[in-house]
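Colleague: I would like to go through this model with you. Please keep to what can be computed from the atoms.

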Amino acid sequence: MATSRGGGRVVAYLESRKNLTGSACGLTGVVLTFTGVAGPYWPVVVAGLYGAGALLAPPERPAPPDFPDPSAQLAEVRGDFGRLRDYLADVELPPTAEGRLVELTGLLAGLLEPGWVAEVLAADPEGLHAVSRAVRQDVPEAVDAYVRTRWWTRMTPGQEPPERHLERQLTLLREEAERLTDRLRDAEARRQESHTRYLEDRAEP
């Protein structure tokens, strides 16, 4: 195994920019030797030119990781949102919680709908993360915790109704989605105002 790694390093160096540049400069030294310029010191000249070329060559740079761009991330979240809605369709919730869930999923659906709104969301890493977290973690966790706790409550009556926690959780998530929507809307409003100021400044004599 060690031999294989060592051989790989040798091959990598032979193919590196340093070696290729150094070899090209060393070849220049060989040409100088045959033309008589290097004289009896040709080995030193060739080695020196090779070393100088290797030092001047740009360093090797590993390729950066190929992370998905925001549009691809948004498409993945949109697909996960579709699966979340399929899951929620099979869960029976009390009317109040169901209403709050409908409000929340309506906001998320509007943000994820293909078009210019989704493009604005994709350009906002913090907002995209918030929507992703709501779809992939917060909403399914809230609903699943309710379903599990409801079963235990039926086994031991007299406990605090689990729907109270679910309603509160869905309210908080809806408020968070509303704040995100307001922030994205304000960003668009500022963009519009900036364009107005630009046109006004341009119109001044």
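**Contacts, core and helices**

Modeller: Leaving aside neighbours within four places in sequence, Leu 112 is in contact (heavy atoms within 4.5 Å) with Leu 74, Val 77, Arg 78, Phe 81, Ala 118, Leu 121, Val 131 and Val 135. This is a predicted model, in which local features need pLDDT of at least 70 and side-chain atom pairs count only at pLDDT 80 or more, while totals for chains, interfaces and linings use all residues. Residues are numbered from 1 along each chain as its sequence is written, and side-chain values use heavy atoms, with hydrogens and water left out.

Colleague: Which helix gives the most to the largest nonpolar core?

Modeller: A nonpolar core is a set of buried Ala, Val, Leu, Ile, Met, Phe, Trp, Tyr and Cys residues joined through side-chain atoms within 4.5 Å. The largest has 32 residues, and Leu 112, Leu 121, Val 131, Val 135 and Val 139 have the most contacts inside it. Helix 4, helix 5 (95-112), helix 6 (116-122), helix 7 (125-155) and helix 8 each supply at least two residues of this core. The one that gives the most to this core, with eight residues, is helix 7.

Colleague: How many helices does the chain have?

Modeller: Helices (H or I, at least four residues) and strands (E, at least two) are DSSP runs, numbered from the N terminus. Along the sequence the pattern reads α-α-α-α-α-α-α-α. The chain has zero strands, and its helices number eight.

Colleague: What arc do the buried residues of helix 4 cover around the axis?

Modeller: Buried means under 20% relative accessible area, exposed over 50%, and partly exposed in between (1.4 Å probe, protein chains only). In helix 4 (residues 70-89), the buried residues are Leu 74, Val 77, Asp 80, Phe 81, Leu 84 and Leu 88. They lie on the same side of helix 4, because the arc they cover, taken from the directions from the helix axis to the C-beta atoms, is only 125 degrees.

Colleague: Which exposed residues are on the face of helix 4 turned away from its buried side?

Modeller: An α-helix has 3.6 residues a turn, so residues three or four places apart point the same way. The face turned away from the buried side of helix 4 carries the exposed residues Ser 71, Arg 83, Asp 86 and Ala 89.

Colleague: Is Ala 177 buried or exposed?

Modeller: Ala 177 is placed in helix 8. Not counting residues up to four places away in sequence, Ala 177 touches Leu 104 and Leu 107. With a relative accessible area of 7%, Ala 177 is buried.

Definitions and conventions. The expected span of a helix is 1.5 Å times one less than its number of residues.
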